[in-house]
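The following paragraphs lead through one sheet, the helix that accompanies it and the aromatic rings; please keep the sequence and the structure at hand while reading.

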Amino acid sequence: MPSDDGILISAYGSINNSNSISTNIVEINNALNVSKPIFNLSISNDLVDINVIKCPLGMSESHYIAWYLKRLYGTEYPSFDYYQYELPYSENSFLNISIKKSIKSDIFPDNIVKSEIRSLCVDIFSAECGARHWFKARGNYVIWKIEKRNTGRIMIINNDNLVSLFSVKIKNKKYTIDSLVMNLDKAINFINFLNNSIIKKDKNITNKYGDIFFYNGGCGQSVFNKFLKIANSDFHPLNPFDAIKTSVKTPRDLYIGTSFAETGIGFKGLDV
């Protein structure tokens with residue numbers, strides 16, 4: 001919430017995962033003493049499809065994207081909403097995010113008419129927004145969501161532009177690419193950097209990626225603690241409580257604190 005000294009966290013907490021998203025929103029809305037609450041939501045990447053569409057030169061981009069998605073989804077095409085974002089690093093390329101209309105209707109409840117749901121963001125994209133607003137991340141940096149079972153999702157930013165997005169896992173005691181959304185070459189180069197600098201502990205490796213922000217995205221605490229022990233000043237826990245004033249007691253454990261990293265979209269447009 002705004003205050004005389006800037007943004008202030010006055011409350012935070014967890015929700016019941018067994019409830020629907022809309023049920024939790026209604027409960028939070030009813031608990032707030034605000035005339036018109038504004039919700040900025042971050043959802044799991046499991047609820048959306050993310051891919052890159054490269055349009056042929058000389059062809060209408062909107063027409064090609066519609067044709068591509070109709071071929072991709074077939075008879076289910078009308079069941080989705082689609083959002084495209086131009087990728088400056090690659091000419092005529094767009095990041096596409098597809099979400100089922102039924103999922104959106106489950107998220108946006110009809111019985112909180114006095115509230116506003118202003119934005120809907122995907123987990124690691126929201127965390128990246130937080131890195132920019134909380135820690136003034138600029139230029140080159142990396143966002144790393146540490147997930148369950150030695151997996152994770154990594155976003156690489158170069159010159160303030162998204163250049164690579166992929167998932168990783170540990171196999172035979174080294175990092176490998178699990179799945180790829182965009183830019184295989186940059187993903188491979190970053191994996192090589194990780195294996196040489198973290199696994200092999202080669203001190204001669206140069207970091208060309210800038211600050212590497214990591215956060216608890218559902219991993220176990222023992223796995224997260226290993227990240228805290230990385231002897232590299234370029235690795236930083238993405239903990240919003242380190243950057244924002246609060247009027248309540250904050251979690252001392254970074255494992256808990258960084259689990260709130262995906263609230264970043266809520267700070268878009270606010271001075272922290």
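In what order do the three strands of the open sheet stand, and is their pairing parallel or antiparallel? In this predicted model, the strands follow the order β4-β6-β5, and they pair in the antiparallel sense. Because β4, residues 48-54, and β5, residues 80-86, each have a single partner strand, both stand at the edges of the sheet, and one side of each is left without a neighbour there. Between neighbouring strands of this sheet the turn is 25° on average, with direction ignored.

The pairing of β4 with β6, which spans residues 93-100, is antiparallel and extends over seven bridges; within it, isoleucine 53 has phenylalanine 94 of β6 as its bridge partner. Against this sheet packs helix α2, formed by residues 61-73, which touches β4, β5 and β6 and whose direction makes about 130° with that of β4.

From the sheet and its helix we can turn to the aromatic rings, for which the count comes to 16 aromatic pairs. One of these joins tyrosine 73 and tyrosine 82, whose ring centres lie 5.7 Å apart; since planes under 30 degrees apart would count as stacked and those over 60 as edge-to-face, the angle of 55° between the two planes makes this pair tilted. Tyrosine 73 and tyrosine 82 are both buried.

Elsewhere in the sequence, which residues do ring pairs link into a cluster? The cluster consists of Trp144, Tyr175, Phe214, Phe224, Phe227 and Tyr255, linked to one another through ring pairs.

Note on methods. Residues numbered from 1 in each chain as written. Predicted model: local features only at pLDDT ≥ 70, side-chain atom pairs only at ≥ 80, totals over all residues. Heavy atoms only, no water. Pairing = 2+ DSSP bridges. Helix = DSSP H or I, 4+ residues; strand = E, 2+ residues; numbered from the N terminus. Axes fitted to C-alpha atoms, helices over the stretch in contact; angles between N-to-C directions. Contact = heavy atoms within 4.5 Å. Phe/Tyr/Trp six-rings, centres within 6.5 Å; stacked < 30°, edge-to-face > 60°. Buried < 20%, exposed > 50% of the residue type's maximum accessible area, 1.4 Å probe, protein only.
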